[in-house]
Every structure is written in C-alpha cells, then in structure tokens.
Amino acid sequence: MAPNGWGCRCKVQALSEDEAITLGYTGKKAPLLNIPDDGFKNGIKSYEQKIQNLTEYLNEQVKGLPHEVHKAVNTRIKENLMQIREVRNNYNTIKKVFNDNKEQNYKGKLLKVGNCDILGQDLPLFVSLENVFTHKHIKHITAYDYAMIPQMLKNIKSKTLSKAHSQAEVVVSHLGTYYRLAIKKTSKNEAIVTSITQERKWE
C-alpha cells in the first residue's frame, strides 16, 4: 500500500512465486505491517486535512513578519478558505441535480452563489436549480461550471444590458474557456442566472 504517509517514497514490487518462496513466503497471509498515516488511506489525504496543512504552512511562512503583515495574510487566508468551502458546497448541491431524474425536486428552488453588480446595483446572485435540471443536457456544461459562476463574473469580456437593466447577457473567460451567461433581475431585487453555455471563441 503506497504511499503511506507524508514524504513517503514507498513502492510496490511484483514477485514471481519462486522469488517469493526464496524470500521466505510460506503461502500464509502476512499481517499488514505498513499502516498508512491518518488521511493517507488509498494514498489520498482528506480534504479537511489538506486545508489544515495548507493553513499551517502559510502561517509558518509569515512568522517573524510585522504584526500588520501577519494579520493581513491571515485575513486573506480565511477569506480564500471560506470561498473554497462555498464553491465546494455549491458544487455538491448542483452535482446532485445533475445526478437526479426528478424535476419536481427542484421546482422554484434557488441556490445562492454570491453577489454581483452586473445589473447596475449590488444584488444577491442565485442559480435556479430548476433551470440547471432542464438545461443539464447542454453540451460541455457541468456542475463545476455552475459552481464557478462567481469567479467567472470577475473576468467579463462583454456585456449587453436591457434598457431597464433588468436583464443582461455577458461573455466571460475562465481558465482559458469562454462562457455566455444570461442573468435577470427579479421583483425581489435578486439576480438569477437563467442559462450558461460554452463559447468556442470570443472576439
């Protein structure tokens, strides 16, 4: 079982039956000697363990710096970790929609994914889970794409607004891919992403 722990250089070597017998193999099941470290079962650390290790590492790097710098770095770490958890939770929620076959489970349901000022004012931003269900057949769009919408909106390439600023169509770039999003404003002063498609290119 490898790897078994942090910095482990374990390896597995296959032996023929004759080679195993030469090394003392008797045909009986040997006890498990290499117990993996916590979080290293199947060679993969748990998500929470990874986050904890990263946080400890970053804090270690700023030790000895002025208090103001240390405080600013810690604030940024906390903000980024919160954002990571939000994206992870949104992804898990949307992934369930992709794996479900009952549209009635999502009638009228919205998932808040952040805030946006696309429509002329800062509004809470939602994804319609009902729309996700009905549009999940759209090629190349996955639960991950929906979960990353707030990050996409930080890199807008073009924007078209209706005269009343109640609807918008934006082209965004994210990790080398272009997307087109339709967003509308509701009577409750909420912004809802009604559709998302992938663009081959943008000029």
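In strand E6, Ala191 is the bridge partner of Leu125. That pairing is a handy place to start a tour of this predicted model. Residue numbers count from 1 along each chain as its sequence is written. Because the model is predicted, local features need pLDDT of at least 70 and side-chain atom pairs count only at pLDDT 80 or more, while totals for chains, interfaces and linings use all residues; side-chain values use heavy atoms, with hydrogens and water left out.

## Overall layout

The protein has six helices and six strands. Helices (H or I, at least four residues) and strands (E, at least two) are DSSP runs, numbered from the N terminus. Read from the N terminus, the order of elements is α-α-α-β-β-α-α-α-β-β-β-β.

Of the 203 residues, 29% count as buried. Here, buried means under 20% relative accessible area, exposed means over 50%, and partly exposed lies in between (1.4 Å probe, protein chains only). The accessible surface comes to about 14300 Å², and carbon and sulfur atoms hold 51% of that. Such areas come from the Shrake-Rupley method with a 1.4 Å probe; for residues, only the protein chains shown count as cover.

How many of the contacts between residues at least 6 apart in sequence join residues at least 24 apart? The share is 48%, where contact means heavy atoms within 4.5 Å.

## Strands around E6

Back to E6, which pairs with strand E2 (residues 123–128) in the parallel sense over three bridges. Two strands pair if DSSP finds at least two bridges between them. E6 also runs antiparallel to E5, and eight bridges join the two. Within this pairing, Ile183 stands opposite Val193 in E6.

E5 and E6 form a hairpin with five residues between them. Asn189, in the loop between E5 and E6, has a positive phi of about 60 degrees although it is not a glycine. With 38% relative accessibility, Asn189 counts as partly exposed.

His165 is another non-glycine residue with a positive phi, in this case about 55 degrees. You will find His165 in the loop between strand E3 (156–161) and E4, where it is partly exposed with a relative accessible area of 35%.

## The nonpolar core

In soluble globular proteins, nonpolar side chains tend to be buried together. In this model, the largest nonpolar core has 32 residues, and those with the most contacts inside it are Ile149, Leu153 and Leu181. A nonpolar core is a set of buried Ala, Val, Leu, Ile, Met, Phe, Trp, Tyr and Cys residues joined through side-chain atoms within 4.5 Å.

What does Ile149 touch, not counting residues up to four places away in sequence? Its partners are Leu125, Val127, Leu181, Val193 and Ile196.

Gln151 sits in helix H6 (residues 149–152). Its relative accessibility is 15%, so Gln151 counts as buried. Leaving aside neighbours within four places in sequence, Gln151 is in contact with Gln83, Val87 and His174.

## Salt bridges

The structure holds five salt bridges, each a side-chain nitrogen of Lys or Arg within 4 Å of a carboxyl oxygen of Asp or Glu. The table shows some of them, including two that involve Arg180.

| Salt bridge | Closest N to O distance |
|---|---|
| Arg180 and Glu169 | 3.0 Å |
| Arg180 and Glu199 | 3.1 Å |
| Lys107 and Glu103 | 3.9 Å |

Arg180 and Glu199 link distant parts of the chain: Arg180 is in strand E5, Glu199 is in strand E6 (residues 191–199), and they are 19 residues apart. Salt bridges that share partners also join Glu103, Lys107 and Glu130 into one network.

As for exposure, Arg180 counts as partly exposed at 27% relative accessibility. Glu169, at 38%, is partly exposed, and Glu103 counts as partly exposed at 28%.

## A nonpolar patch on the surface

Which residues make the nonpolar surface patch of about 270 Å²? They are Leu54, Tyr57 and Leu58. Patches are made of residues with over 30% relative accessible area and no salt bridge; like charges are joined within 9 Å, and nonpolar side chains (Val, Leu, Ile, Met, Phe, Trp, Tyr) within 5 Å. Tyr57 belongs to helix H2 (residues 47–61) and is partly exposed, with a relative accessible area of 48%.
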